[in-house]
Amino acid sequence: MGQVKSLDDLRRIKEDLQQKMKLRENSNDPESLVQIKVAMATCGIASGAKQVMDFFVEEMDKRNIQAVITQTGCMGYCFAEPTVEVTIPGKEPVVFGYVDAKKADDIIEKYIKNGELVEGIIPVNYETIEKK
Amino acid sequence: MSKFKMHVLVCGGTGCHASQSELLLENLKTIVADKGLDNDVQVIATGCFGFCEKGPIVKIIPDNTFYTQVTPGDAREIIEEHLIKGRKVHRLLYVDPENKEQVEDSKHMGFYKKQLRIALRNCGFIDPENIDEYISRDGYEALVKCLTEMKPQEVIDILKKSGLRGRGGGGFPTGTKLEITSKSVSDIKYVVCNADEGDPGAFMDRSILEGDPHSVIEAMAISGYCIGSTKGLVYIRAEYPLAINRLKTAIKQAREYGLLGENIFGTDFSFDIELRYGAGAFVCGEETALIHSMEGNRGEPTFKPPFPSVEGYLGKPTNVNNVETLANIPVIINQGPEWFASIGTEKSKGTKVFALAGKINNVGLIEVPMGTTLREVIYEIGGGIKDGKKFKAVQTGGPSGGCLTEKHLDTPIDYDNLLANGSMMGSGGMIVMDEDDCMVSVAKFYLDFTVEESCGKCSPCRIGNKRLYEILDKITQGKGTREDIDRLRNLSTVIKDTSLCGLGQTSPNPVLSTIDNFWDEYIEHVTDKKCRSGQCKALLQYVIEPENCVGCTACARNCPVNAIAGERKGIHVIDQEACIKCGACLEKCKFNAVFIK
């Protein structure tokens, strides 16, 4: 990692990452990457988010589906932990609640492979500053 | 790869369930199958949409059509008209209450604009352990802007203009606090982040540090630039290990990028951050106590003035700000003070994060613009009260706050309104109570907490709170008198007026606000010796209904203290003096003869 010395340096990092994201998001190509975010704040981890994340990492690899699996902070749905957000390229993100290994398996087999929704979807009910 | 062309989402939340959403779901599925659409259309139940008032809700994807108050009988029309012919069922669309227009797309519904995430903007969105993701969301741009384009006073002016007030509870204007510290003359100054979140049921600051640590680091560096400080300290409780780890990782990454350290962005400004761990004492959230604790002394508050902005950590000027306050700062610099000031009420600008807890369906973390009403928070965002019970009160501000009741439901939430109604904003814990909660016991619970957490330095707080607790305990034991209520009130006033720090000055609030709002309940406890919610065990009476008793002796045999007398095949009687109210007889009786009076 180099040092960040100016606004241009910052913007370069930003653009690099956004470029990558865009490639993922805008593509309708089924071969392109699925994004999975696991909410890993204290609430999530206490309800088993670590196991769910491990499950996704191992199983997506085993089942040969290319995906980016990352952790993130609290999505705010503490009542439904562990929560997982899945973005299939070209589609809007979907948040699933109460995810355990069995539900994770359903998500991979049904939603990610077939586009079939799985019980336990949490409707997103907030705006962030970008949408203003 | 998607097999389905359309999805029909039916709300399966408690509210919609109560209005036949299950039958609706069945109907939709059957008709979809009948029409041979089951390979193209998937019908599925979802979690609560938070729009229970207009339930049951049906949402169609991908066009985001949002139908409200759908009955099981509407299933056929939705499928035949919308799914097959592509014509929306207009009579079921949501009608905007303000302009009376039908809203076809859920993204344009005012309802979904109830929550606005500023402090939580990156929480649950970015990977907190990856600095690049933070940068991709405009991270550290505010810092560059401040260091290269603005003078410290200009930054302070922006924050003053934005109207941002401290989110830790007190609500002091953040810009003014920075200005005072910047004017204090000293060779060394400090920036302190107060991450000693101690209210029971509150987890806003922890979630921000766990989900978006860089926003706090960036804001601390900006604060350092404003006041002329090179050293930042985060006072964080040791029982937040995950937040500590994420923060450590973030600080390391920021150093590697040169965003912390010497000559940031090639300017002559240098700034670095260290962590200090707290042992979890509630009083250490008070800024003077916090500073003493960081110095290695006892965590006891001292009299203000001098304020920390003049004489703080190691006797040097110190700017202390709460986590959530800091998380707002970079956005204000980037988006401008006018934008921030356009959100909220006249004297409370921006948003507030609340941790919803207690008897509410959607326990979790929410962020709403100031001025949102309690009703919107509890019923629309929080999804209402658990198990369809009746709302009784909501406690805000933790042990320093008070209870708000049904009559306050439509009060817009901001610093001043909450104070005027006998509670306070506090750090943002919101505990919802239903009809099963006894308000005297609630007051007792908070006093128990304050007695434990009082540092003991000043007598009103050390002795007074203990006495308050004892009187409340006496009332819940059924031994209270009418005079005890007056005694509670008088003592509370004295403690509030004479305590040294914020802890004692606010600790009687739960008592006063419950007396004010639930006077009847206190009176019932002392005169009728009754607890309507059945929480005060000492006030319950287990009795045997002679008509139902068959004399099986099951109750007498299971009573651990032999308080039940009676012959076999004869009517049994409970000796109230000896009864310890364990409930064993109620559980064992097969003839519904034992009941609670």
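In this predicted model, the centres of domain 3 and domain 5 of chain B, taken over C-alpha atoms, sit 42 Å apart. Those two are part of a five-way split: the domain assignment of chain B runs through domain 1 (6-112), domain 2 (131-338), domain 3 (351-434), domain 4 (439-528) and domain 5 (541-596). The C-alpha trace of chain B covers about 95 × 75 × 40 Å along its principal axes.

As for what fills that outline, chain B carries 23 helices and 20 strands. Its 597 residues come out 54% buried. Looking at contacts in chain B with a separation of 6 or more, 71% of them link residues 24 or more positions apart.

Then there is the contact with the partner chain, to which chain A brings 43 residues and chain B brings 54. On the chain A side, the elements giving two or more residues are helix H1 (7-26), helix H2 (42-46), strand S2 (67-72), helix H4 (101-114) and strand S5 (127-128). H1(A) supplies the largest share of that side, at 6 residues. By residue class, the side of chain A that touches chain B breaks down into 22 nonpolar, 15 polar and 6 charged.

Strand S5 of chain A also turns up in strand pairing across the two chains: 2 bridges tie S5(A) to strand S7 (residues 116-117) of chain B, and the two strands run parallel. Within S7(B), B:Arg117 is the bridge partner of A:Thr128.

Notes. Residues are numbered from 1 along each chain as its sequence is written. Chains are lettered from A and ligands numbered from 1 in the order in which they are written. This is a predicted model: local features need pLDDT of at least 70, side-chain atom pairs count only at pLDDT 80 or more; totals for chains, interfaces and linings use all residues. Helices (H or I, at least four residues) and strands (E, at least two) are DSSP runs, numbered from the N terminus. A residue is buried if 20 or more other C-beta atoms lie within 10 Å of its own, exposed if 12 or fewer, and partly exposed in between; C-beta atoms are placed from the backbone. Two residues are in contact if their C-beta atoms, placed from the backbone, lie within 7 Å. Domain bounds come from an automatic or database domain assignment. Ala, Val, Leu, Ile, Met, Phe, Trp, Tyr, Cys and Pro count as nonpolar, Asp, Glu, Lys and Arg as charged, and the others, Gly among them, as polar. Two strands pair if DSSP finds at least two bridges between them.
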